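Please open the model in a viewer and keep the sequence at hand. The tour below proposes what to select at each stop and describes what is there.

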Amino acid sequence: MRYLAALDHDHLDNGIFLTSLARSLSEQQKDRQLRSIIVHADSAYTDRIIQTGVMREEATVRSLKDLNKRLVALFADEGVSTIGINPYKRNFITLKENKLSLDHKFLESLPRQPLLLLSTLVRDLARNRQTTVELPRMLRFLREEIRPDELFIFSKSDEAEIFTNSDYPDNIQWDTMEPSFRETQIPDEFKTFNQRVRLTTARDFHRLPGTNHTILIN
């Protein structure tokens, strides 16, 4: 199984969540058939940098780079082998005339087993500089480019870290989703995503490739 997963803004400031996720990823690495790609946004750390007098664009770039390093270190503490990449490097992912492009040759040259951790920092070819892409857009783009078997997002609710599959239906539709469910369970960046995803928790993420403890949203 090759999957994509998204680490949204709020989860990146949740230490309990991140530790639980790292432990689940450690369990996953026992299955050598899993190809894991996780994409992360920036976090509240960006705002803390801005408070020091740095402009938002520069603060976001600094935050993303730092987060990528910190996450690699956090995962390593749990024994998770991780390749952390800010995709502007080596022009791995580029932006030109508002269109994203992926260097497939470089992607396929990477080892298959370690977790691949990507930020949303890409190369703007027109300005020849780093720029950020919104997390949902990056996920849509990568889904089209690499055709993963599944795309996962993590429940917004901290309480969901202890929910069981019996508490919720196995399948939900975006257009008929209860407003209360959307508000409490769907990360803010993905409230209008409207694409097929699986909603899961950090604690249950170790069950892959099994998906019986996830909620499919179509």
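What should the twelve residues of H5 span at 1.5 Å a residue, and how far apart are its end C-alpha atoms? The expected span, which is 1.5 Å times one less than the number of residues, comes to 16 Å for H5, and the end C-alpha atoms are 16 Å apart, which agrees. Before going further, note that this is a predicted model, in which local features need pLDDT of at least 70 and side-chain atom pairs count only at pLDDT 80 or more, while totals for chains, interfaces and linings use all residues. Residues are numbered from 1 along each chain as its sequence is written, and side-chain values use heavy atoms, with hydrogens and water left out.

**Stop 1: helix H5**

Select residues 135–146, which form helix H5; helices (H or I, at least four residues) and strands (E, at least two) are DSSP runs, numbered from the N terminus. Among the buried residues of H5 are Leu-135, Met-138, Phe-141, Leu-142 and Ile-146. Here buried means under 20% relative accessible area, exposed over 50%, and partly exposed in between (1.4 Å probe, protein chains only). Arg-143 also belongs to the buried set of H5. Move on to Arg-147, just after H5, where phi is positive at about 50 degrees.

**Stop 2: the second largest cavity**

Next, select Ile-37, Phe-92, Leu-102, Leu-107, Leu-116, Leu-118, Leu-142 and Ile-146, which line the second largest cavity. On a 1 Å grid over the protein atoms alone, a cavity is a set of points where a 1.4 Å probe fits but cannot get out, and a pocket is an open set with protein on both sides within 12 Å along at least five of seven lines; lining residues have an atom within 4 Å of a point. Grid points are joined across faces, edges and corners, and a volume is the space filled by probe spheres set on the points. The space in this second cavity is about 40 Å³. Its lining has eight nonpolar, no polar and no charged residues; Ala, Val, Leu, Ile, Met, Phe, Trp, Tyr, Cys and Pro count as nonpolar, Asp, Glu, Lys and Arg as charged, and the others, Gly among them, as polar.

**Stop 3: the largest pocket**

H5 leads on to the largest pocket, since H5 and H3 each supply at least two residues of its lining. Select the lining residues, including His-9, Asp-42, Thr-60, Glu-134 and Glu-189. The pocket has a volume of about 170 Å³, and its lining divides into five nonpolar, four polar and three charged residues.

**Stop 4: Asp-13 and helix H1**

Select Asp-13 in the loop between E1 and H1. Is Asp-13 buried or partly exposed? Asp-13 is partly exposed, with a relative accessible area of 38%. A polar atom of its side chain lies 3.3 Å from the backbone nitrogen of Ala-44. Beside it in the sequence, Asn-14 caps the N-terminal end of H1, with a side-chain oxygen 3.2 Å from the backbone nitrogen of Ile-16.

Continue into H1 itself, residues 15–28. Its buried residues include Phe-17, Leu-21, Leu-25 and Gln-28.

**Stop 5: the largest cavity**

Finally, select Leu-25, Gln-28, Gln-29, Leu-34, Ser-36, Gln-113 and Leu-115, which line the largest cavity. About 70 Å³ of space lies there, and the lining has three nonpolar, four polar and no charged residues.

Technical notes. Polar contact = N/O pair within 3.5 Å; in protein donor to acceptor, adjacent residues only side chain to side chain.
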